[in-house]
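I sat down with this one to see how the chain is put together. My notes are below, in the order I looked things up.

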Amino acid sequence: MGIDIKINAFEGPLDLLLHLIEKNKVDIYDIPISEITSQYLDYIRSMEEEDLDVLSDFLVMAATLLKIKAKMLLPVNEEEEEEGDPREELVRRLIEYKIYKYASLQLKEREMTAEKSFFRSPDIPPQVLAYREEIDPVQMLSEVTLQRISEVFQFVMRKRQDKLDPIRSEFGEIKQEEIKLEDKITEVYNYIIQYKEVNFYDLLNEQETKEAVIVTFLAVLELMKTGKIYVQQENIEDDIFIRALE
């Protein structure tokens, strides 16, 4: 049966074979190998000499088809019968190629559809962009017990009391400038960002006065409340570490 084939219209030998199978409306699992091979060879003969770069792939497939055709024409002995249908490997390759081919066509169609779509620039109001979901302090402390935080704070405060000189404590006291919570919040946050991870005990213990310890403690709680830092403790008796959230 004659068939019209457009020269150089195929991407490879499998593409040509798939075209011949679909054009002849034959079952891919039961390829009439003699007829398909004849049409395939007609295409090979019609190729121009300058197509030698791609011709080699088509010639390899032609040799494969002729080998399959010869096996099917010759009498089958018991050993060859156990090997199965000689067309089996070719059918598997054709099915795989068909899957990839149609998948690529689907992607190409989507690409062409997307080229017709235009998207405008986002115009979300600044108030909406600036919105941040409220942070749940309980969630921020999911891995830390409040009791442990309180114990660390009380321990640091007792150490401050132990450092007092019993004689000098009776002398007059020079009052330091009042520590503002807002300033301490900024100071603590910048400190945590600088060192990436800070030990909660060390942070409190580095403060010079009892007032500074208290204000630092309040600053940590405020930073946790606003979601700027994250407090973590691996086990109940382990140290508490503070990290800045992006």
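These entries go from the overall fold to single helices, the sheet and a few side chains.

**Entry 1: overview.** First a reminder to myself: this is a predicted model. I looked up the secondary structure, and the chain has 11 helices and 3 strands. Reading along the sequence, I get α-α-α-α-α-α-α-α-α-β-α-α-β-β. I then checked burial for the whole chain of 246 residues, and 28% of them are buried. For contacts with a separation of 6 or more, 66% are between residues 24 or more positions apart.

**Entry 2: helix 1.** I went to helix 1, residues 13–24. With 12 residues at 1.5 Å each, I should find a span of 16 Å, and the end C-alpha atoms are 17 Å apart, which agrees. Is this helix enclosed or open? Going by burial, 9 of its 12 residues are buried, so helix 1 is largely enclosed by the rest of the structure. The buried ones are P13, L14, D15, L16, L17, L18, L20, I21 and N24. I noted that D15 and N24 are on that list along with the leucines. Just past the end of the helix, K25 has a positive phi of about 55°.

**Entry 3: T37 in helix 2.** Next I picked T37, which sits in helix 2, residues 33–46. Its relative accessibility is 1%, so I put T37 down as buried. What does T37 touch, leaving out residues up to four places away in sequence? I found L65 and L66.

**Entry 4: the sheet.** I turned to the strands. They make an open sheet of 3 strands in the order 1-3-2, with antiparallel pairing. Strand 1 (197–199) and strand 2 (229–232) are at the edges with a single partner each, so each has one side without a neighbour in the sheet. On average, neighbouring strands are turned by 25° against each other, direction ignored. As a general note, strands of a sheet pair through backbone hydrogen bonds, parallel or antiparallel.

I went through the bridges one pairing at a time. Strand 1 and strand 3 run antiparallel and are joined by 3 bridges. Among the partners, V198 is bridged to I242 in strand 3. Strand 2 and strand 3 (residues 241–244) are antiparallel too, with 4 bridges joining them. On that side I229 stands opposite A244, and Q232 has F241 as its bridge partner.

**Entry 5: helix 11.** I ran the span check on helix 11 as well. Its 16 residues at 1.5 Å each should cover 22 Å, and the end C-alpha atoms are 23 Å apart, which agrees. Buried in this helix are A212, V213, V215, T216, F217, A219, V220, L223 and M224. Right after helix 11 I found a positive phi at G227, about 80°.

**Entry 6: aromatic rings.** How many aromatic pairs are there? I count 4. The one I looked at in detail is F200 with F217, a tilted pair at 6.2 Å centre to centre and 50° between the planes. F200 is in helix 10 (residues 200–205) and F217 is in helix 11 (residues 210–225), so this pair ties together parts that are 17 residues apart in sequence. Are the two partners buried or exposed? F200 has 3% relative accessibility, so it counts as buried. F217 has 15%, which is under the 20% cut-off, so F217 counts as buried too.

Elsewhere, ring pairs link Y40, Y43 and F58 into a cluster. I also found a charge over a ring: K228 lies over the face of Y189, 5.5 Å from the ring centre.

**Entry 7: N205.** Last stop was N205, which is in helix 10. Is N205 buried or partly exposed? At 23% relative accessibility it is above the 20% cut-off for buried, so N205 counts as partly exposed. I also checked its distance to F155: these two are 50 residues apart along the chain, and their C-alpha atoms are separated by 9.5 Å.

Terms used
Residues numbered from 1 in each chain as written. Predicted model: local features only at pLDDT ≥ 70, side-chain atom pairs only at ≥ 80, totals over all residues. Heavy atoms only, no water. Phe/Tyr/Trp six-rings, centres within 6.5 Å; stacked < 30°, edge-to-face > 60°. Helix = DSSP H or I, 4+ residues; strand = E, 2+ residues; numbered from the N terminus. Buried < 20%, exposed > 50% of the residue type's maximum accessible area, 1.4 Å probe, protein only. Lys NZ or Arg CZ within 6 Å of the ring centre and 35° of its normal. Contact = heavy atoms within 4.5 Å. Expected span 1.5 Å × (residues − 1). Pairing = 2+ DSSP bridges. Axes fitted to C-alpha atoms, helices over the stretch in contact; angles between N-to-C directions.
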